[in-house]
Amino acid sequence: MSVAESIRSCMKTGLLLALSLIVLSSTVASAAEKRDSITLSPASKRLQLEAGSVVNDSFAVINDGDTSYDFTAYTAPYSVKGEDYEQDFTTQTENGDAYKWISFPQSKWHADPGETVTVPFTVRVGTGVPAGGHYGTIFVETIVTAAGDQTGIARKKRLGIILYTNVKGETESGGGVKSVSLDFFQPATPIKGDVMIENTGKTDFTATSRMVVKDIFGQQKFSTSSENIILPKTTRHIEHSWDNSSWLGIFRVTVTNEVLGKTTATESLVLVVPRWLLLVIGVLALVGVANALRKKRAHTPRRRI
């Protein structure tokens, strides 16, 4: 074989190797870029039911990822802990029993990429269920595929739908604003307002809370609002926060709450000034007083004996 033929042979071998590496890297990249995703619609359901009734309903599981997967659906209790509403899906409560009323026609479903699967369920309310709010959770959980299966989901995912169920009939409804906290002196940003709303009744309601911040000249600088579900026999903490507020200034802050058709407003001046600045001002004031006293003593004539 001549030198030229050897060079051509080496070039062909190198070209084939390079093409193989490109194909292999593309395949690996394609496999690595595959994304698994699951979305539920809606995120919560509000049902108005009658004792002894049977109702059929459904929700959607959306696969907007690149892998197919099987999934299962099941139910669990729903309640909250504390004023910050830490969600609890295990504790059995008196009105957290709606999950017991749910049944599904099958135990497993399948979703391909880009597919939306409708999951039907049936709600059977007992005849002796008391009127008022009852709560529960529907969970959807993906099923992990066998190792080495590149077409299915590789790790377990779980999403939930909160059930806000109200059984019709005579019941108690009550509650209101328990407290509003707007501290006059706030040494650091953000400017905060804290609201406590209590529900003394037997069914949930939605409370609207809003905070508006204006400067001392009346010009609006910031506003925020939120709608919050308040469960029966609970008190919920709602925090308003102006995260990008100025680190120095005097503001007029108003917090307005609408609960069960009643609107209340709380207004307060808020002084934002860092503690270190107060310390500097205090030190300068002490130095000024000391200098003034020294000068006064220097100009006071001494008595002669």
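These legends walk you through close-up views of a predicted model.

**View 1. A nonpolar patch on the surface.** Six names are worth finding here: Phe184, Phe185, Ile216, Phe217, Ile250 and Leu269 form this patch. Together, these residues have about 630 Å² of accessible area. To get your bearings, start from Phe185, which sits in strand 13 (residues 185-186). Phe185 counts as partly exposed because its relative accessibility is 32%, and partly exposed covers the range between the buried limit of 20% and the exposed limit of 50%.

**View 2. Asp204 and Arg46 in a salt bridge.** The whole structure holds seven salt bridges, and the next three views show some of them. In this one, the side chains of Asp204 and Arg46 meet, with an N to O distance of 2.8 Å. The two partners come from distant parts of the chain, 158 residues apart. Look for Asp204 in the loop between strand 14 (191-199) and strand 15 (205-215), and for Arg46 in strand 2 (residues 44-49). Asp204 is buried, at 9% relative accessibility, whereas Arg46 is partly exposed, with a relative accessible area of 42%.

**View 3. Lys156 and Glu141 in a salt bridge.** Here the N to O distance between the side chains of Lys156 and Glu141 is 3.5 Å. The pair links parts of the chain 15 residues apart: Glu141 belongs to strand 10, and Lys156 to the loop between strand 10 (132-143) and strand 11 (158-167). Is each partner buried or exposed? Lys156 counts as exposed, at 54% relative accessibility, while Glu141 is buried, with a relative accessible area of 16%.

**View 4. Arg252 and Glu267, a salt bridge between two strands.** Find Arg252 in strand 18 (residues 249-259) and Glu267 in strand 19 (residues 262-272). The closest N and O atoms of this salt bridge are 3.2 Å apart. Because the partners lie in these two strands, the pair ties together parts that are 15 residues apart in sequence. As for its surroundings, Arg252 is partly exposed, at 35% relative accessibility.

**View 5. Ser79 and the residues it touches.** Our last stop is strand 5 (residues 79-81), where you will find Ser79. Which residues does Ser79 touch, not counting those up to four places away in sequence? They are Glu86, Gln87, Asp88, Thr91 and Thr93. Ser79 counts as buried because its relative accessibility is 10%, and the buried class takes in values under 20%.

Methods: Residues are numbered from 1 along each chain as its sequence is written. This is a predicted model: local features need pLDDT of at least 70, side-chain atom pairs count only at pLDDT 80 or more; totals for chains, interfaces and linings use all residues. Side-chain values use heavy atoms; hydrogens and water are left out. Patches are made of residues with over 30% relative accessible area and no salt bridge: like charges are joined within 9 Å, nonpolar side chains (Val, Leu, Ile, Met, Phe, Trp, Tyr) within 5 Å. Accessible areas come from the Shrake-Rupley method with a 1.4 Å probe; for residues, only the protein chains shown count as cover. A salt bridge is a side-chain nitrogen of Lys or Arg within 4 Å of a carboxyl oxygen of Asp or Glu. Helices (H or I, at least four residues) and strands (E, at least two) are DSSP runs, numbered from the N terminus. Buried means under 20% relative accessible area, exposed over 50%, partly exposed in between (1.4 Å probe, protein chains only). Contact means heavy atoms within 4.5 Å.
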